[in-house]
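Here are my notes on the charged pairs in this model, set out as numbered points. Please read them with the structure open.

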Amino acid sequence: MSKVRCLYCDTVFEYSGQNRCPSCGASLSGNPDAEKAVLEEKERTENAERFRQQLIGSAAERADNAERTGRFINRVFLPIFIIIFIAVFAVILISFLTMSNMFFW
């Protein structure tokens with residue numbers, strides 16, 4: 001918020017979009033402080049919008065990266081995990097079969 005000084009009553013107040021002095025009711029049109037406050041508010045709004053667009057863009061990029069990572073995991077790590085699981089299961093099964101043959105000769 002910007003401070004504005006009324007040209008008629010010299011009251012200083014926070015400018016919040018009003019077009020009249022809250023003290024004396026004088027119009028703020030032509031007041032350089034009010035015009036400066038309007039420009040600052042417009043600049044703040046534009047900066048906020050630009051920042052919001054950057055956040056949206058980065059969120060979309062993160063979502064895209066997460067999707068790519070998920071596809072990579074499904075293509076690479078899942079088959080490797082399945083192969084390792086089958087190999088470990090086969091070793092355990094072969095060990096049990098070998099042990100059962102040892103005890104029942």
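**Notes on salt bridges and exposure**

1. Glu41 is partly exposed, at 40% relative accessibility. Its partner in a salt bridge is Arg44, with 2.8 Å between the closest N and O atoms. Arg44 is also partly exposed, its relative accessible area being 38%. Please keep in mind that the model is predicted.

2. Where do Arg44 and Glu41 lie? Both belong to helix H1, which covers residues 32-103. They are 3 residues apart, or about one turn of the helix.

3. The whole structure holds 5 salt bridges by the search that was run. The Arg44 and Glu41 pair is treated above; two further pairs are taken up below, one in helix H1 and one between strands.

4. Asp64 and Arg68 form a salt bridge in which the closest N and O atoms are 2.5 Å apart. Both residues lie in helix H1, 4 residues apart, again about one turn of the helix. Asp64 has a relative accessible area of 32% and is partly exposed. Arg68, with 44%, is partly exposed as well.

5. Glu14 and Lys3 make a salt bridge through their side chains, at 3.0 Å from N to O. Which parts of the chain does this pair tie together? Glu14 is in strand S2 (residues 12-15) and Lys3 is in strand S1 (residues 2-5), so the salt bridge links parts that lie 11 residues apart in sequence.

6. Is Lys3 buried or exposed? Lys3 counts as exposed, at 54% relative accessibility, because the cut-off for exposed is over 50%. Glu14, at 35% relative accessibility, counts as partly exposed. The two ends of this salt bridge therefore fall in separate classes, Lys3 being exposed and Glu14 partly exposed.

7. As general background to these pairs, side chains of opposite charge can pair when their charged atoms come close.

8. Ile73 is a further residue of helix H1. At 38% relative accessibility, Ile73 counts as partly exposed. How far apart in space are Ile73 and Glu35? The separation is 57 Å from C-alpha to C-alpha, and the two residues are 38 apart in sequence.

9. To sum up the pairs described here: Arg44 with Glu41 and Asp64 with Arg68 are each placed within helix H1, whereas Glu14 and Lys3 connect strand S2 with strand S1.

Key:
Residues are numbered from 1 along each chain as its sequence is written. This is a predicted model: local features need pLDDT of at least 70, side-chain atom pairs count only at pLDDT 80 or more; totals for chains, interfaces and linings use all residues. Side-chain values use heavy atoms; hydrogens and water are left out. A salt bridge is a side-chain nitrogen of Lys or Arg within 4 Å of a carboxyl oxygen of Asp or Glu. Helices (H or I, at least four residues) and strands (E, at least two) are DSSP runs, numbered from the N terminus. Buried means under 20% relative accessible area, exposed over 50%, partly exposed in between (1.4 Å probe, protein chains only).
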